[in-house]
Amino acid sequence: MADEARAMLDALMGSDRDAELPSGMAVNTSNEVTWERKKRKRSCFDRDIDPLFCAWGIDVYELFKNTKSDTMVGVNNAIVDEEAHNEFKSLPKHEQERL
């Protein structure tokens, strides 16, 4: 039950919802807090990033969605991040092969 609630909150608010607020968080004169939080920058070295998307730039789970192969491929539990893909492309060749 708690895992389902956690997954729902992650989908709605992002997985970094419990992160500390930045020190430069501003308060308006009307005492309203501005929610300009910086999202944590993801790296291609993070374990929760989809390695196939980092290498190829294509989400294979999205590619096979609504096909006969959809049941075999399943659901992507990893995070697809374009910035992580760009970081991977900028790495030297020997670093790319290591990942």
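Among the contacts in the protein with a separation of 6 or more, 51% join residues that lie 24 or more positions apart. The model behind this value is a predicted one, and it shows a protein with 6 helices and 0 strands. Of the 99 residues in the protein, 19% are buried.

**Overall make-up**

- Read from the N terminus on, the elements follow the order α-α-α-α-α-α, in keeping with a count of 6 helices and 0 strands.
- The protein exposes about 8200 Å², and carbon and sulfur atoms supply 53% of that area.

**Helix α1 and the residue that follows**

- Helix α1 covers residues 2–13, which is 12 residues, and it reaches 16 Å from its first C-alpha to its last, a span close to the 16 Å expected at 1.5 Å a residue.
- Because the number of buried residues among the 12 of α1 is 0, this helix lies largely in the open.
- Gly14, placed just after α1, takes a positive phi of about 95°.

**The largest nonpolar core**

- The largest nonpolar core has 6 residues in all, and these are Cys44, Ile49, Cys54, Ala84, Phe88 and Leu91.
- Cys54, one of the residues of this core, is in contact with Cys44, Ile49, Ala84, His85 and Phe88 when its neighbours within four places in sequence are left aside.
- Among these partners of Cys54 is His85, whereas Cys44, Ile49, Ala84 and Phe88 are listed with Cys54 as members of the core itself.

**A nonpolar patch on the surface**

- Leu52, Trp56, Ile58, Leu63 and Phe64 together make a nonpolar surface patch of about 490 Å².
- Leu63, one of the residues in this patch, has its place in helix α3, which covers residues 60–63.
- Leu63 counts as exposed because its relative accessibility is 53%, and the cut-off for that class is over 50%.

**Asn66 in the loop after α3**

- Asn66 is found in the loop between α3 and α4, the latter covering residues 70–73.
- The phi of Asn66 is near 60°, which is a positive value in a residue other than glycine, while the positive phi of about 95° just after α1 belongs to Gly14.
- With a relative accessible area of 69%, Asn66 is exposed.

Technical notes: Residues are numbered from 1 along each chain as its sequence is written. This is a predicted model: local features need pLDDT of at least 70, side-chain atom pairs count only at pLDDT 80 or more; totals for chains, interfaces and linings use all residues. Side-chain values use heavy atoms; hydrogens and water are left out. A nonpolar core is a set of buried Ala, Val, Leu, Ile, Met, Phe, Trp, Tyr and Cys residues joined through side-chain atoms within 4.5 Å. Buried means under 20% relative accessible area, exposed over 50%, partly exposed in between (1.4 Å probe, protein chains only). Contact means heavy atoms within 4.5 Å. Patches are made of residues with over 30% relative accessible area and no salt bridge: like charges are joined within 9 Å, nonpolar side chains (Val, Leu, Ile, Met, Phe, Trp, Tyr) within 5 Å. Accessible areas come from the Shrake-Rupley method with a 1.4 Å probe; for residues, only the protein chains shown count as cover. A salt bridge is a side-chain nitrogen of Lys or Arg within 4 Å of a carboxyl oxygen of Asp or Glu. Helices (H or I, at least four residues) and strands (E, at least two) are DSSP runs, numbered from the N terminus. The expected span of a helix is 1.5 Å times one less than its number of residues.
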